[in-house]
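Dear colleague,

I am handing over the structure we spoke about, and I would be glad if you could look through it with the notes below at hand.

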Amino acid sequence: MSGEGKTVCVTGASGFIASWLVKHLLRRGYTVNATVRNLSDPLKTKHLVELDGAKERLKLFKANLTEDCSFDEAIEGCHGVFHVASPCTFTTKKDPYAEIIDPAVKGTINVLNSCAKTPSVRRVILTSSITAVSFTTRRSSDEMIDETWFSDPEHCKENELWYMLSKTLAEEAAWKFTKEKGIDMVVINPTIVIGSMLQPTVNLTCGIILDLMNGLESYRDLVGWINVKDVADAHIQAFEIPSANGRYCLSERDLRLLDVANVLIQLYPSIVHRLPLKFQEDAGFTPPYPVSREKAKTLGIDFIPFEVSLKETVESLKLLGFISF
């Protein structure tokens with residue numbers, strides 16, 4: 001167990017990716033300081049304290065992205081920090097800056113400030129997103145998205161892509177801060193993350209599969225898909241491999257939602273009547289461009305096939321009672 005004797009912090013530990021990250025870190029022998037916003041909410045903590053090894057090596061801390069110094073206690077004495085916490089929604093009620101962008105950007109700087117004050121921290125792993133990579137006017141049919149791409153904030157603003165803007169600005173702020181402070185940081189940029197859910201609520205990305213199975217038409221563009229367990233392992237490998245650096249885009253398969261629907265029918269023929277009858281296309285459909293897997297391969301992970309990930313997602317939705325057939 002390579003994590004034995006080491007303590008790391010995972011922010012936003014109750015979420016989809018972070019829960020699996022905590023699970024895999026505990027399995028590898030790490031002591032984990034996990035932050036949540038509400039220690040008294042069982043929806044945020046129960047699935048964490050029930051993990052193997054949690055009784056011996058999991059410590060929960062209350063922390064809030066928008067509160068200065070909120071992460072100091074959780075990060076004190078840690079060898080590494082996995083900053084996963086960030087608002088994860090495509091919609092806002094009133095003010096996208098107050099609800100999504102400010103918490104994402106300020107929260108990232110708050111966490112990095114705590115890291116800068118903690119000499120024991122040797123590396124920070126930031127959970128970003130492919131949305132901080134691919135939302136740009138730079139489009140060409142013969143190009144492939146890779147780690148050199150950066151989303152254009154102005155493009156995101158003009159099109160009111162608030163979640164995409166939050167991830168882009170948070171990553172930009174993180175690179176600037178870590179360069180100034182001399183902090184070793186590696187960034188993970190996953191595509192759409194699916195798979196089994198440890199938390200009792202449906203997260204944004206697994207909700208896409210749930211919406212599809214309820215007949216919703218969306219996502220005409222080609223998008224990448226990755227299993228949550230591979231994303232968790234990529235975080236750990238990025239922390240443990242000394243030569244890991246920069247950004248890592250993660251995508252096992254690049255598929256449009258129409259393709260996903262066809263795989264669902266192959267896996268569950270009886271649900272064909274639940275899926276959308278058609279997927280609209282128009283002149284505005286953008287040409288597909290895939291995500292490069294070359295740099296991700298250097299993390300040494302054999303990605304779980306999409307078909308397995310999709311089945312895990314559906315079975316998890318069934319187990320938690322969100323869908324039945």
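What follows is a short account of the aromatic rings and of one helix.

Please keep in mind that this is a predicted model. The count of aromatic pairs comes to five. One of them joins Y268 and F325, whose rings meet edge-to-face, with 5.2 Å from centre to centre and 80° between the planes. This pair links distant parts of the chain, since Y268 belongs to the loop between α10 (257-267) and α11 (294-297), while F325 sits in the segment after α12 (306-319), 57 residues apart. The two partners are covered to unlike degrees: Y268 counts as buried because its relative accessibility is 8%, whereas F325, at 37%, counts as partly exposed. F325 also has a charged neighbour, as K318 lies over the face of its ring at 4.4 Å from the ring centre.

Elsewhere, Y30, F82 and F239 come together in one aromatic cluster, and R122 lies over the face of F239, at 4.3 Å from the ring centre.

Turning to the helix, α8 (residues 204-213) is mostly covered, with eight of its ten residues buried; these are T205, C206, G207, I208, I209, L210, L212 and M213. The buried residues of α8 pack against α1 (16-27), α10 and α12 on the helical side, and against the strands β7 (192-194) and β8 (223-227). Just after α8, G215 adopts a positive phi of about 95°.

With best regards

Technical notes:
Residues numbered from 1 in each chain as written. Predicted model: local features only at pLDDT ≥ 70, side-chain atom pairs only at ≥ 80, totals over all residues. Heavy atoms only, no water. Phe/Tyr/Trp six-rings, centres within 6.5 Å; stacked < 30°, edge-to-face > 60°. Helix = DSSP H or I, 4+ residues; strand = E, 2+ residues; numbered from the N terminus. Buried < 20%, exposed > 50% of the residue type's maximum accessible area, 1.4 Å probe, protein only. Lys NZ or Arg CZ within 6 Å of the ring centre and 35° of its normal. Contact = heavy atoms within 4.5 Å.
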